[in-house]
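Me: Please take a close look at one part of the structure below, and then set that part against the rest. I am new to this structure, so a plain walk through it will do.

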Amino acid sequence: MQRMFLRKLTGAGITLLCATLILFVLIRLAPGDPVKLHLGPSSDVALDSTEAYDQRVAELRTQLGLDRSIFAQYTTWMKRLLQLDLGTSIHTGRAVGSELADRLPATLALAVAALAIQLALGLVLGTASALKADRLQDNVIRLACVVLASAPAFVIGLFLLSFFAVSLHVYDISNEARPERLWLPAVTLGAMGAPNLIRIIRANLLAELGQPYVLSALSRGLARKLVVRHALRNALLPVVTVAALSFIGLIGGAVVIESIFSWPGIGKYALDSILLKDYPAIQGYALVVIAMVVAIHLLVDVVYLFLDPRIRRGREGDVHA
Amino acid sequence: MPSSAMKRPLGLTVGIILLGLLALAIAGASWLSPYDPLEQRVAERLERPSVEHPLGTDRFGRDVLSRSLHGGQHTLLASGTALGAALAVGLVIGLLAGLYQGSVLDTVFMRLIDVLLAFPFMVLALIIAAFFGTDLLHLLAAVVSVWWVSFARLTRSVVLHVKNDGSFAAAKVLGASDAAIMLRELLPKAIGPVLILATFELGSLILSISALSFLGLGSQPPTPEWGSMLADGRDHFLQAPHILIGPTLFIVLTVLAFNLIGEGLRDRLDPYERSDI
């Protein structure tokens with residue numbers, strides 16, 4: 001068990017390392033001089049003559065270590081990352097790390113609330129659908145899922161926003177992360193991811209109900225309710241993975257929803273940074289999200305080590321497969 | 001009450017008919033659309049749907065129906081190209097990784113997939129848009145570099161499955177080269193499941209590309225593209241919600257068609273997902 005855990009931990013570490021390498025190479029491949037990107041266009045810098053600007057560029061090049069080899073640059077960058085230094089925002093001049101830390105709670109609150117809504121919808125409707133398979137109730141739920149899964153989240157968000165904020169006046173249009181502003185973006189984000197979860201819970205429960213032990217329990221006269229409860233518990237094990245993966249999707253998808261509802265999370269920050277050409281900020285955002293994704297994958301693996309005795313006893317198994 | 005055997009072809013049929021109609025309308029955009037998609041008539045701006053403009057006009061007085069039809073060409077061409085490229089890359093890597101399972105090549109590919117799974121599509125799209133530029137080509141590059149992963153994983157698992165049945169061993173014994181085995185034994189068996197996956201992925205790809213264009217990271221104005229049309233209408237949404245309804249309707253119907261077809265095909269071909277177990 002401990003060996004498995006260490007192996008998963010090492011795997012996550014390697015993945016994270018490779019991800020930073022890809023990010024580093026990608027950014028170095030980008031057209032444009034990183035120093036000039038860092039300084040901003042010459043008119044933005046409080047220097048009139050181009051000579052002074054050029055000198056500043058040369059200075060900064062040495063200061064940032066860009067005159068050294070790519071490998072040396074990467075190790076320096078990694079060293080700073082390990083000290084949790086994500087660089088300085090060009091736009092605000094503040095540390096990107098603390099800017100992201102200010103906004104992360106808003107995104108996490110949104111994602112957690114959306115996940116809760118998604119799970120509640122998934123459990124209720126997925127079970128309701130499976131227990132009445134191929135009857136009217138099931139068909140209506142499945143149809144609703146297919147239609148909802150085909151709708152773009154941002155348009156649904158806009159329509160909800162106009163309905164609740166403009167027609168009903170029950171929702172504030174502002175850019176603050178107040179708790180009473182959370183429900184609408186959370187419902188939008190949660191409803192958009194629900195169809196997938198409903199489908200998976202339905203399919204798992206149906207597969208579980210087809211197992212011989214269910215038939216045997218029913219034929220021995222066990223109450224249907226009790227049998228369903230047992231089957232549901234088994235059917236929900238794979239849902240841990242699905243929920244974790246959908247949490248990752250929610251953090252990514254939050255970019256769009258945060259932008260529509262002016263919810264001040266890291267997604268909105270990244271999007272604003274693109275428009276401001278604030279490169280360190282975007283890089284920092286990417287690193288934080290990637291680290292979160294790797295941590296969530298690791299967490300899922302560890303949870304399975306506890307939940308599934310087959311994996312715990314050391315049998316090789318990839319829960320993501 | 002339709003039985004499950006009756007119902008499944010229904011979704012598939014509806015999906016195919018819907019897709020056929022949309023394809024005809026979009027392919028024939030130049031003949032069908034009543035106006036030039038780029039022509040601005042300032043006097044007729046933000047008009048509500050009427051007989052002359054069935055879906056109304058946008059903030060420059062451009063006909064929303066004409067723009068939606070032409071926009072479909074851009075959206076579908078872009079999504080289709082990106083998906084085709086991702087599918088080809090995924091298929092080749094999946095075949096190689098599966099055939100040489102356990103080799104260095106396989107290990108490298110699998111590690112790369114693990115790493116790419118840590119990059120949510122949105123994040124990669126944001127990075128590429130920020131550092132390389134906000135246009136459709138870069139957006140499509142982001143799509144291909146993330147989307148091949150699911151095809152590669154599926155192909156590899158099919159190949160590993162096929163390697164266990166007799167045809168693979170027979171081909172080996174008869175002295176077929178690796179290339180021949182890949183083309184004649186493995187590819188035909190992998191292509192079916194991969195195409196079903198592609199149908200689903202095309203739907204979600206259209207949604208993703210629209211979302212990014214909506215955020216201003218894809219097609220740039222004045223090109224009519226569904227996502228950028230929605231972005232364009234965003235500021236006038238409150239006075240004239242109809243400008244969003246046109247492109248939204250087209251996006252929903254197209255994605256719905258692909259999802260219905262994908263679901264229908266999967267239900268028919270994949271016994272594990274059958275609802276009548």
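Reply: In this predicted model, residues 235-262 of chain A are 89% helix and 0% strand, and the C-alpha atoms at the two ends of the span are 38 Å apart. In UniProt, an unreviewed entry gives this span the label "transmembrane region". The label is also placed on residues 108-131, 143-170, 182-201 and 282-307 of chain A. For residues 282-307 of chain A, the figures are 100% helix and 0% strand, with 37 Å between the end C-alpha atoms.

The span 235-262 can next be set in its wider annotation. The unreviewed UniProt entry has "domain: ABC transmembrane type-1" over residues 104-300 of chain A. That stretch is 81% helix and 0% strand, and its end C-alpha atoms are 21 Å apart.

Chain B can be read in the same way. UniProt, again in an unreviewed entry, puts "domain: ABC transmembrane type-1" on residues 72-262 of chain B. Here the chain is 81% helix and 0% strand, with the end C-alpha atoms 20 Å apart. The record lists "transmembrane region" at residues 76-100, 112-131, 137-154, 194-217 and 237-261 of chain B. Residues 76-100 of chain B are 96% helix and 0% strand, and 35 Å separates their end C-alpha atoms. For residues 237-261 of chain B, the helix content is 80%, the strand content is 0%, and the end C-alpha atoms are 32 Å apart.

As a whole, chain B has 10 helices and 0 strands, so in order from the N terminus its elements read α-α-α-α-α-α-α-α-α-α, as helices are the DSSP runs found there. Along the principal axes, the C-alpha atoms of chain B fill a box of roughly 75 × 55 × 30 Å.

The two chains also touch. The contact involves 53 residues of chain A and 48 residues of chain B. The size of an interface is often stated as the accessible area lost when the parts come together. For chain A and chain B, about 4500 Å² is buried between them, and 77% of this is on carbon and sulfur atoms. There is 1 salt bridge between chain A and chain B. It pairs the side chains of A:Arg199 and B:Glu263, at 3.4 Å from N to O. A:Arg199 falls in the annotated span 182-201 of chain A.

That leaves the enclosed space. Rolling a probe the size of a water molecule over the atoms shows where empty space is left. The count is 3 cavities of 30 Å³ or more, and the largest cavity holds about 80 Å³ of space. Its lining consists of B:Asp58, B:Arg59, B:Val64, B:Arg67, B:Met229, B:Asp232, B:Gly233, B:His236 and B:Ile243. By class, these are 3 nonpolar, 2 polar and 4 charged residues. Helix 3 (64-99) and helix 9 (226-233) of chain B each give at least two residues to the lining. The largest share comes from helix 9 of chain B, with 3 residues.

Technical notes: Residues numbered from 1 in each chain as written. Chains lettered and ligands numbered in written order. Predicted model: local features only at pLDDT ≥ 70, side-chain atom pairs only at ≥ 80, totals over all residues. Heavy atoms only, no water. UniProt positions renumbered as here; feature names shortened; annotations may be inferred. Helix = DSSP H or I, 4+ residues; strand = E, 2+ residues; numbered from the N terminus. 1 Å grid on protein atoms, 1.4 Å probe; cavity = no way out; pocket = protein on both sides within 12 Å on 5 of 7 lines; lining within 4 Å. Points joined across faces, edges and corners; volume = space filled by probe spheres on them. Nonpolar A, V, L, I, M, F, W, Y, C, P; charged D, E, K, R; others polar. Contact = heavy atoms within 4.5 Å. Buried area = accessible area lost by both parts, 1.4 Å probe. Salt bridge = Lys/Arg side-chain N within 4 Å of Asp/Glu carboxyl O.
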